[in-house]
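Work through the exercises below with the sequence and the model open. Each task is followed by a solution in steps.

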Amino acid sequence: MDEARLESILSRYEGEPYDLIPILQDIQDNYGFLPKEEVKAVARRINVPITQVYSVATFYKMFSLIPKGKHQLKVCLGTTCHLKGGQRLVDSLSSRLGVEVGYTSKDGQFSLETVGCLGSCAQAPVMMVDDKYHARVTVDKVPKILKQYQT
Amino acid sequence: MPRFESVDHLTQYRRQLKAKFDPEQPRVLVCAGPGCLPLGSEEVAQAFKEALAEKGLNGKVVLKVSGCQGLCARGVRVLLRPREISYQKVTVQDVPEIVETTLVNGGIVDRLIYQDPASQEKFSHKGEIPFYKNQQPIVLRKLDIIDPESLDDYLLMGGYRSLRKIFFEMTPEQVIDLVERSGLRGRGGAGFPTGRKWRICREAPEAVKFVICNGDEGDPGAFMDRAVMEGDPHAVIEGMIVGAYAIGARQGHIYVRHEYPLAVKRLKLAIEQARDAGFLGNNILRSGFNFDIKVSQGSGAFVCGEETALIASIEGFIGEPSPRPPYPAQSGLFGLPTVINNVETWANVPEIINMGGDWYTAIGTEKSKGTKVFSLVGAVNHTGLVEVPMGTTLRQIIYDLGGGIPDNKAFKAVQTGGPSGGCIPAKFLDLPVDYDSLQEVGSIMGSGGMIVMDETSCMVDVARYFIGFLHAESCGKCTPCREGLTQLKYIYNEIINGRGEEWHIPLMEELCAAMGSASICGLGQSAVNPVLSTLKYFRDEYEAHIRDKKCPALVCRPLLKYTIDPETCTGCLACVRECPVGAITGLKKEAQEIDQELCIKCGLCYEMCQFDAVKRE
Ligand SMILES: Cc1cc2nc3c(=O)[nH]c(=O)nc-3n(C[C@H](O)[C@H](O)[C@H](O)COP(=O)(O)O)c2cc1C
Ligand code: FES
C-alpha cells in the first residue's frame, strides 16, 4: 500500500466517522477503485467498522471494488434517453467492445456503465466518456466516438 | 472584491458597480447550460474570443459564458445584449459572421434566428419568440444575464440584497411569517408549505440546527436544479442564509449528485466567494449572525433524494430512508432539527424577501403560489427549460411554449413527476398545472420533469421502464417496496415477452394497493403511479400486449419482427457489421436477409440502415 498517497487524501479530513463517504469518493477518483488495503486503513483511521465501510462501498453506484478501465463510458438510460433509444446504444457499445454493462473490456481500455439521467435530456440520447458529454448519439455515431479514445 | 463589513458598505459597492456598468455596451452571452454544453459551448466561446480579438473588439465587447438560456433544442444558443438578439444552433464556423455582421455592422444573421415550426415566421429578438414570450421567470431570471462565476454580476442584479432586510429590519419570526404568507411550497416533490416547515424547526427546543439544500435531482428527465446550481449558484446560497437566520442554524449543507460535476464546482466557487465577501462566516455584515455552508456529493443512489436517506448519506451511512415522523424539521441531521429544501425552493426565497409575500401570492393559483420551472423534454419541438406561473395549462406549456409535437406525430401522453409520477393523456391537456390538479389525475408535480410522448412511445414500456428503474434503486429496506417492485418487474417482463395473462392486470392493481399504503418512504409509496396511471388511461395498450401479443407502438422488442426489403437494400453491409449475433447474411452489393431464428430483435440493423430497407412490424 502506498501510504503517502492515502495520507494525502486522509489529511484533507478531520477523521470523523461522517467523513467516510467523501474519503471513499476521493479514493475512488484517485485510484479508479477502492483497493482492499486502503479500505481497511480508512476504517481503522476514522474508527468505523469495516462492515459499514463495505456496506457503503457496495450500496452506492459510484464505488467499485475492482479496477475500472482507462475510459469510463456512461450511457444515459434516463427516461428521455430510454425513449430515444439509449438501450440500443448500450447494446452497440457492449457488442463492439465485448463487454457487459458494469464491466471493463479485456484490454483495460473501457468500462461500460449505464446511469439514471445526465441532465442533458434535451440532447437525448446522451453518453459521457470520462468527463465529456456526447449529444444525440445514434448507433451509427458509435464507431467514431470510440475511435477518439482508442489507442 | 472587498470584504463587506456592513450593509452600507455593500450598498455603496453596488452603487459603484452600477455606475461603472454601461447598459449600451455590447455583451455576448454564450450558453453553457446542460443542453448546450454537450453541443460545444466551450468551443463556440473560444471562437468568439478569437474573432473579437481579430476585429480589435477586445474590451469593447464583453464576452460571457452564461447558464441555461432555455431553448436547449436549438443549441448552442448565443444572446447578444443589449439588443437581445437571440441566435440558435451556433457553431464555431458561424462565429466570425456573427461578429462581422452583428457586432461590427449592426445587422442580423438571418439563418441563425428562430423560425416557428408551424407558421414559418422568423423572430430575431428573444422577447418575440413564443417560447420566451409566454414565460414568467423568477428563478431563471438571471440565467441568461450573468456569468455564474462572477459575484459582481450577481451583486449588480441585486444579489444579497435580502440580507439587509432580514438582519436589520426583521426578526427570524417575521421572516418565517413572510415566507408562510407568500404561500411558497416545496419544489422538490411533495409541495409542503415552506414557511410551516421552517416554523416547526424554529420551535424545536434544541440549540443546534441545520439547513440542507437538496440538489440530488434524481428524477430522470429533470434538469432544472442542475441549471440553477450551475447558472445562479449565489441565489441558492442567499436563500439558505435567509432560511438559516429564520430557524437559527449555523451550518448548512448542499447535497449534489455526483453526475453533476460542474454544479459542484460552481457551488464550491460561489461559497468561497461568499466567504471572502463576508456573506458567509462569522458576524455576517455585522449582524452577529454566523453561518457557513459545506458541499456534499452524492455517490449515485436515487433514493438519496429522499430527505431521510439524504441525511443518512451525509452522516456517512448508506442511503436508507427512515419512517417519518419524526420529520427532519424535528429530528434530522445527527438527530438535530433540520430544514431540508429543494434547490428551486431555496432559489425562490431571496426574491420573496425582497418583493414581499403579497407580490408572490399574486402569481399562481389558489393553493399553489408563484411559478414553477419545468424541464420540457421528449417528443416536443422546443425541448428546454421553462418557468411559468402555477396554473398554466399543459396545452400552453406543450404547444404555446413547446411548439407542439415534431414530425406531425400525434400527442399521446405527458409524464410528470419522474418515477413517482404518472402519464397524463390528451384529454387532460387543458388541465391547469398545480400541485393538486396533477394529483387528481393520478400524477404528481414532482420536481418538474415534463416528458412529452408521441404515438411512437409504448405506455406499457414506459411503465415497465419506471418499475425497472425503481427496482434497481430501491434500497431494499422495507418488504412492500422491495418485493412489490420485484413482482411488478416480473409481470411486466412476462407481458412484453408475449406471456401476459388477463389476470396479470388485477394482480398488478392489488400489488400497487399494498405498496402504496405500506412502504416506508415515497419511493415505494409512489412507485405505483406510473403503473396505475397507464393502466387507467392506456388499458387498451396493455390489452393489445396481453391478448394480441402485439405492441401497437412497435417498441417492445420481443413482440417485433425485423425483415429486409430486397428491393430497397443496396447490400452495403452496414447492418451485417452491426448485428451482434450474425443473423444477417447475403452477398455484398446484394439484398440481405435476416435469419428469424437467430435474430434477437435488438433493432441495431434498423438504426444503422441509411436506406430504410430494414422493416419493423
Ligand atoms: C424517492 C424520493 C426521491 C426524492 N428525490 C428528490 C430530489 O432529487 N430532489 C429533491 O429536492 N427532493 C427529492 N425528494 C423529496 C424530498 O424527500 C423532500 O421532500 C424535499 O427535498 C423537501 O424539499 P422541498 O420542501 O423544498 O420540496 C425525493 C423524495 C423521494 C421519496
Ligand atoms: S434522460 Fe438522458 S440526459 Fe436526461
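**Exercise 1. Find the polar contacts of ligand 1.**

Step 1. A backbone N or O atom of B:Gly305 is 3.2 Å from a nitrogen atom of ligand 1. A polar contact here is a pair of N or O atoms within 3.5 Å; within protein, one must be able to donate a hydrogen and the other to accept it, and residues adjacent in sequence count only if both atoms are side-chain atoms.

Step 2. A polar backbone atom of B:Glu307 lies 2.9 Å from an oxygen atom of ligand 1. In the side chain of B:Asn214, an N or O atom is 2.9 Å from an oxygen atom of the ligand.

Step 3. Ligand 1 exposes 610 Å² when taken alone, and the protein buries 90% of that. These accessible areas come from the Shrake-Rupley method with a 1.4 Å probe; for residues, only the protein chains shown count as cover.

Before going on, note the conventions. The model is predicted, so local features need pLDDT of at least 70 and side-chain atom pairs pLDDT 80 or more, while totals for chains, interfaces and linings use all residues. Residues are numbered from 1 along each chain as its sequence is written, chains are lettered from A and ligands numbered from 1 in the order written, and side-chain values use heavy atoms, without hydrogens and water.

**Exercise 2. Describe the shell around ligand 1.**

Step 1. The shell has 19 residues, of which B:Gly188, B:Lys197, B:Asn341, B:Asn342 and B:Thr345 come nearest. A residue belongs here if one of its heavy atoms lies within 4 Å of the ligand.

Step 2. By class, the shell holds 3 nonpolar, 10 polar and 6 charged residues. Ala, Val, Leu, Ile, Met, Phe, Trp, Tyr, Cys and Pro count as nonpolar, Asp, Glu, Lys and Arg as charged, and the others, Gly among them, as polar.

Step 3. β10(B) gives the most to this shell, with 3 residues. Helices (H or I, at least four residues) and strands (E, at least two) are DSSP runs, numbered from the N terminus.

**Exercise 3. Characterise the interface of chains A and B.**

Step 1. In chain A, 41 residues are in contact (heavy atoms within 4.5 Å) with 56 residues of chain B.

Step 2. About 3900 Å² is buried between the two chains, and carbon and sulfur atoms give 56% of this. Buried area is the accessible area (1.4 Å probe) that two parts lose on being put together, summed over both.

Step 3. A:Phe59, A:Thr79 and A:Arg88 lose the most area to chain B on the chain A side, together 15% of what that side buries.

Step 4. The chains share 3 salt bridges, each a side-chain nitrogen of Lys or Arg within 4 Å of a carboxyl oxygen of Asp or Glu. A:Arg96 and B:Glu578 meet in a salt bridge at 2.5 Å, N to O.

**Exercise 4. Which helices does the salt bridge of A:Arg45 and A:Glu7 join?**

Step 1. The side chains of A:Arg45 and A:Glu7 form a salt bridge of 2.9 Å, N to O.

Step 2. A:Arg45 is in helix α3 (residues 36-46) and A:Glu7 in helix α1 (residues 3-10) of chain A, so the pair ties together parts 38 residues apart in sequence.

**Exercise 5. Locate unusual backbone geometry.**

Step 1. Most residues other than glycine have a negative phi, and most peptide bonds are trans.

Step 2. B:Arg81 and B:Pro82 are joined by a cis peptide bond, omega about 0 degrees. The bond from B:Arg324 to B:Pro325 is also cis, with omega near -5 degrees.

Step 3. A:Arg136, not a glycine, has a positive phi of about 45 degrees. A:Arg136 sits in the loop between β4 and α7 (142-149) of chain A.
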